[in-house]
Amino acid sequence: MGSRASSLLREEDIEEIKKETGFSHSQITRLYSRFHSLDKGENGALSREDFQRIPELAINPLGDRIINAFFPEGEDQANFRGFMRTLAHFRPVEDNEKNKDLTSGEPLNSRTNKLLFAFRLYDLDRDDKISRDELLQVLRMMVGVNISDEQLGSIADRTIQEADTNGDMCISFSEFIKVLEKVDVEQKMSIRFLH
Amino acid sequence: QEGLDIIILICMLLGISFTVWFTLLLVFIIVPAIFGVSFGIRRLYMKSLIKLFEWATLRMERGAKEKNHHYHQHHIFTIIITLRGGAEPEFDMSDIFYFCRRGVESIVDDEVTKRFTAEELESWNLLTRSNYNFHHISTRLTALWGVGVLIRYGFLLPLRVTLAFTGVGLLVVLTSIVGLFPNGRMKNYLSDKVHLMCYRICVRALTAIITYHDSENKPKNGGICVANHTSPIDVIILASDGCYAMVGQVHGGLMGVIQRAMVKACPHIWFERSEVKDRHLVAKRLSDHVADKSKLPILIFPEGTCINNTSVMMFKKGSFEIGCTVYPVAIKYDPRFGDAFWNSSKFGMVNYLLHMMSSWAIVCSVWYLPPMSRMEGEDAVQFANRVKAAIARKGGLADLLWDGGLKRGKVKEVFKEEQQKLYSKVLVGSSEDGSSS
């Protein structure tokens with residue numbers, strides 16, 4: 001934990017982040033301390049190595065995909081705003097905050113946005129659809145060497161068959177939403193942030 | 001003529017004040033250190049500090065922070081806890097949510113990386129270095145902090161530095177003298193006394209206030225003493241209450257001088273850099289030492305690196321393979337008075353010692369646990385874990401399976417492979433597995 005880390009974060013920034021993400025003031029300062037402690041190079045931004053230094057994340061089979069979600073297209077550094085924006089997807093949905101002080105669009109932690117986060121984990125080339133190949137690759141990450149190619153292939157085929165409605169052998173975002181309409185996404189894709 | 005008088009006067013005054021100062025030092029600190037008694041000055045100091053911190057805390061509007069101390073054993077090898085309540089094995093696109101959630105949870109807070117930085121305090125102890133979220137609250141508090149700086153740097157630090165030099169200097173000189181004696185009971189007796197005295201002076205040099213519990217379990221000859229490691233000061237704390245044979249690598253410079261002097265008085269185990277890699281050689285020297293009952297118990301820190309005193313990390317099994325009695329010791333520091341943790345990636349040794357000597361005090365508790373031996377059918381790793389759990393329990397520290405080596409190195413691939421294996425079982429069920437395993 002850096003000393004005086006919170007003094008590097010200005011009040012205006014905190015207010016903006018609050019509006020954009022819905023986190024409280026103390027949550028933002030606490031997460032800033034965390035951001036600062038992960039930032040070993042002390043340059044105000046996190047690199048992929050900074051994330052990989054977390055052992056529990058390094059042993060997560062989808063660790064690399066999750067880390068990738070924090071980096072915008074083609075960039076190698078994640079600043080604090082980006083960090084908070086990505087974390088905001090995992091904020092629990094509270095009943096009393098429907099459109100309280102958020103200016104435009106949906107809140108980052110809405111059901112749709114949570115599903116979009118998960119969709120992007122599958123969608124390796126960011127072309128807004130999950131091809132059979134991409135699904136296979138992600139499955140392979142999750143199971144390692146323990147399942148044969150044929151078995152994995154048939155799992156992928158079955159999954160696409162069930163989800164694909166327009167016959168293009170790929171899963172689009174709307175098809176993804178349809179498949180998971182019965183799943184309690186709000187609960188499964190939320191984590192508890194200490195106040 | 002007048003100028004000369006004034007100069008003479010000034011010299012006399014300096015001489016007198018220096019003598020007074022040194023006499024006070026001698027009477028109140030060094031002599032008690034020699035005999036191992038205490039006037040209780042340090043405890044009084046500690047009590048007043050506590051009252052001061054309590055007042056400072058009340059002054060600050062700080063809501064109770066949620067303390068997340070889970071002192072139970074984490075079975076951290078199972079990321080996937082309950083995947084789907086008993087549904088048949090098959091893939092679901094929502095499976096990714098579990099990995100996702102655990103991943104992001106570990107980004108927000110994880111059990112390991114925080115063990116390598118200083119523990120966060122609930123209230124401010126008027127030291128700038130532990131000032132995380134406390135900004136300027138009131139002028140009175142800031143003034144108090146200013147006074148604290150004056151006292152710590154203007155009075156305590158010079159005092160402590162003087163004592164430190166005295167302690168180390170005496171150690172080197174006296175052990176060399178004792179080394180001239182022929183081997184025998186007299187030499188051992190003198191060596192013990194000399195070591196104890198010098199370590200006690202060093203303890204006072206740090207204003208360390210130590211409470212020893214269960215001294216009936218103190219380590220005996222022919223055994224190994226293992227303790228959790230927070231800082232190099234651990235050695236001073238333990239060695240001022242008992243006599244141990246130290247183990248370590250040969251250093252150059254001042255450290256080397258001290259090591260060479262110490263080993264003249266009694267057999268410590270110093271390894272050359274090249275010998276450290278040879279595990280058999282290390283094990284042999286340690287076994288030879290414990291076999292000789294006239295030699296002192298060995299002091300070892302099996303974590304291999306400094307941890308921040310909120311947890312105990314994996315013990316290296318080397319010392320547990322030797323097959324002698326192990327005397328576990330738990331050391332817990334009170335972080336309110338000064339953080340003893342040495343973050344070696346951030347601060348060098350000199351910087352660290354300066355931090356230590358300009359803190360309020362080092363307050364800690366030492367528990368001597370009952371001796372343990374390896375049981376039938378237990379291997380070295382299991383024995384090590386059993387000892388570790390006992391130490392963690394006694395000291396109120398979290399018992400972690402993670403390796404302290406993660407401070408510097410990467411986690412092994414095999415742990416990720418275990419997670420993948422677990423998930424595969426969920427996908428295809430454990431029996432029908434048509435793959436290479």
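What follows is a chat between a student and a tutor about ring pairs, a charge over a ring and the interface in this predicted model.

Tutor: Ground rules: this is a predicted model where local features need pLDDT of at least 70 and side-chain atom pairs count only at pLDDT 80 or more, while totals for chains, interfaces and linings use all residues. Residues are numbered from 1 along each chain as its sequence is written, chains are lettered from A in the order in which they are written, and side-chain values use heavy atoms, with hydrogens and water left out.

Student: Why is the pair A:Phe51 and A:Phe71 called edge-to-face?

Tutor: Rings of Phe, Tyr and Trp (its six-membered ring) pair if their centres lie within 6.5 Å, and planes under 30 degrees apart count as stacked, over 60 as edge-to-face and the rest as tilted. Here the centres are 5.8 Å apart and the planes sit at 75°, so the pair is edge-to-face. By this rule there are 18 aromatic pairs over all chains.

Student: What makes A:Phe119 and A:Phe176 edge-to-face?

Tutor: Their centres are 5.3 Å apart with planes at 65°, so edge-to-face fits. This pair links distant parts of the chain, with A:Phe119 in helix H7 (residues 111–122) and A:Phe176 in helix H10 (residues 173–179) of chain A. Helices here are DSSP runs (H or I, at least four residues), numbered from the N terminus.

Student: Why does A:Phe119 count as buried?

Tutor: Buried means under 20% relative accessible area, exposed over 50%, partly exposed in between (1.4 Å probe, protein chains only). A:Phe119 comes in at 1%, so buried is the label. A:Phe176 has 0%, so that ring is buried too.

Student: What puts the charged end of B:Arg285 over the ring of B:Phe271?

Tutor: The rule wants NZ of Lys or CZ of Arg within 6 Å of the ring centre and within 35 degrees of the ring normal. B:Arg285 sits over the ring of B:Phe271, 4.7 Å from its centre.

Student: How do you know that B:Asp110 forms a salt bridge with A:Arg34?

Tutor: A salt bridge needs a side-chain nitrogen of Lys or Arg within 4 Å of a carboxyl oxygen of Asp or Glu. In this pair the closest N and O atoms are 2.8 Å apart. Across the interface of chain B and chain A, the rule finds 1 salt bridge.

Student: What is the area buried between chain B and chain A?

Tutor: About 5300 Å², with carbon and sulfur atoms giving 65%. Buried area is the accessible area (1.4 Å probe) that two parts lose on being put together, summed over both.

Note on methods:
Helices (H or I, at least four residues) and strands (E, at least two) are DSSP runs, numbered from the N terminus.
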